[in-house]
Amino acid sequence: MTACGLDFGTSNTTLGVRTASAAAGTGGGGYGLLALDGARTTLPSAVFFDFEADAVTVGQAAIDAYASGVEGRLMRSIKSMLGTDLIDADTALRKGRITFRAVIATFLAAVKERAETALGSELTDVVLGRPVHFVDGDPAGDAAAEETLGEIARSVGFRGISFQYEPIAAALDYEQQVEREELALIADIGGGTSDFSIVRIGPERRGRADRSADILANDGIRVGGTDFDRDLSLATAMPLLGHGSAMKRPGLLAPKHLFFDLATWSKINFLYTAKAMADLERLKRDSATPDRIERLIGVVEHRLGHALAMAVERTKIALSDGPEAGLLLDWGGGGMTRPVSVDELNEATAILAGRIGGRVRACLAEAGTLPAEIDAVFLTGGSTLLPQVRAAILAELPGARVVEGNIFGSVGTGLTIEAARRFGGTA
């Protein structure tokens, strides 16, 4: 029997196992993430259905195949379908259709197979990471999302299945390095959600079987890096494709939902239908700026929606290091580069950053803890690299020591520690 911790993320995925040194107490870390993408332990959460080769690829190879122009269908941000009515909706492939539930199963089956190949043995049991809330303000939807993910995990061959909040998993990873007791706020800001826990950690607490008294609060919100991508796209790229443009009929503007779908990773493929193309052609006829709608049609017709989303994401990342970056737009029959400033990014995403800061305050209130009582804030997840996200969190905890976690690995490592506690076993 081999147990693992599996961090299936909106943007990236990791999987780890307990090693013999941890079981024997011989040190050396003892909890390792397995190579899932060549030598890399981080696997992009992406699936590409290759129509030319009639094959399926996952991870970076999936993104590369799409970017190279191979005909097919790219799926990203698939975790965000959990907890929505879209989980059992389907999308067209060259031969037939596939549900998003089946897309997630395809991806997780590939992760399990790669991990087993790297490990040389079967993985039987798993602790899956989950956000504090899959769905905001909907306990029934939240429970349904966890149940669905458990069903998918069972369908790909896991037998023992349990869950742990992702920020609690990150706290377990952080606890391995502390030398004294601390009260820590854990901030895990990923591609799809922002999650927080306030926990007591320390060397004396590590071995306790029951840690419930150490957890003072958990909170979260369905806001993550892909939401920053969407709002930046709506503010900068989509107006060049007709978002907010006037129609011939006075007082009317182009329908927002088309641009919202194109700017949202998980909804891009919904535009690749005959009905959507017919809607776009009608929109062009009725538009007062048909040249912009023609660009929009080009993006959809040439299946360039994900390429546009990647360009926006690259611009967002570049603005973490400089005051301005170029956003490259390609609509098949032409293109342009639009300069984007940090101020534009901050303005476009101010509401999102504010909501993240608000959840820190809510978490402190739930714990009955003053900001000054927090010893350390532990940051993990790719979106903690965004300056406006980091600023929103740290503004609530001005006196706390900032600890940088493994951006993409802390949650997976912590889930692996939890898997060893719940299931035992070693690699």
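**Two open sheets, one cavity and a pocket in a predicted model**

Helix 12 (residues 350-367) lies across strand 12, strand 13 and strand 14, and runs at about 155° to strand 14. Here helices (H or I, at least four residues) and strands (E, at least two) are DSSP runs numbered from the N terminus, contact means heavy atoms within 4.5 Å, and angles run from 0 to 180 degrees between the N-to-C directions of axes, which are lines fitted to C-alpha atoms, for helices over the stretch in contact. The structure is a predicted model, in which local features need pLDDT of at least 70 and side-chain atom pairs count only at pLDDT 80 or more, whereas totals for chains, interfaces and linings use all residues. Residues are numbered from 1 along each chain as its sequence is written, and side-chain values use heavy atoms, with hydrogens and water left out.

The sheet under helix 12 is described next. This open sheet of five strands has the order 14-13-12-17-18, with mixed pairing, where two strands count as paired if DSSP finds at least two bridges between them. Its edge strands are strand 14 (215-221) and strand 18, each of which pairs on one side only, and neighbouring strands are turned by 20° against each other on average, direction ignored. Strand 12 (residues 182-189) is joined to strand 17 by five bridges, and these two strands run parallel; Ile186 stands opposite Phe378 in strand 17. Strand 12 is also joined to strand 13, in this case by eight bridges in an antiparallel arrangement, and Ala184 has Val199 of strand 13 as its bridge partner. Helix 13 packs on the sheet as well, touching strand 12, strand 13, strand 17 and strand 18, and its direction makes about 155° with that of strand 17.

Strand 17 (residues 376-380) is mostly covered, with five of its five residues buried, a word that means under 20% relative accessible area, as opposed to exposed, over 50%, and partly exposed in between (1.4 Å probe, protein chains only). In a regular strand the side chains alternate between the two faces of the sheet. Accordingly, Ala376, Phe378 and Thr380 point one way from strand 17, while Val377 and Leu379 point the other way, and all are buried. Strand 17 pairs with strand 18 (residues 401-404) in the parallel sense over four bridges, and Leu379 has Glu404 of strand 18 as its bridge partner. Gly381 lies in the loop between strand 17 and helix 13 (387-394), and is buried, with a relative accessible area of 5%. Not counting residues up to four places away in sequence, Gly381 touches Asp188, Ile189 and Ile407. Gly381 and Asn406 are 25 residues apart in sequence, yet 7.9 Å apart in space, C-alpha to C-alpha.

Another open sheet has three strands in the order 6-5-7, with antiparallel pairing. Strand 6 (55-58) and strand 7 (72-76) stand at the edges, each with a single partner strand, so one side of each is left without a neighbour in the sheet. Neighbouring strands of this sheet are turned by 15° against each other on average, direction ignored. Strand 5 (residues 46-50) pairs with strand 7 in the antiparallel sense over five bridges, and Phe48 stands opposite Leu74 in strand 7. Helix 2 (residues 60-67) lies across strand 5, strand 6 and strand 7, running at about 50° to strand 5. Helix 3 (residues 100-119) packs on the sheet and touches strand 5, strand 6 and strand 7, its direction making about 105° with that of strand 5.

Empty space was examined on a 1 Å grid over the protein atoms alone, with a cavity defined as a set of points where a 1.4 Å probe fits but cannot get out, a pocket as an open set with protein on both sides within 12 Å along at least five of seven lines, and lining residues as those with an atom within 4 Å of a point. A search of the whole structure finds one cavity of 30 Å³ or more. The largest cavity has a volume of about 40 Å³, and its lining includes Met75, Arg76, Phe100, Trp265 and His306. The second largest pocket holds about 430 Å³ of space, where a volume is the space filled by probe spheres set on grid points joined across faces, edges and corners. This pocket is lined by 24 residues, of which Leu172, Arg206, Arg211, Glu418 and Arg421 lie nearest its centre.
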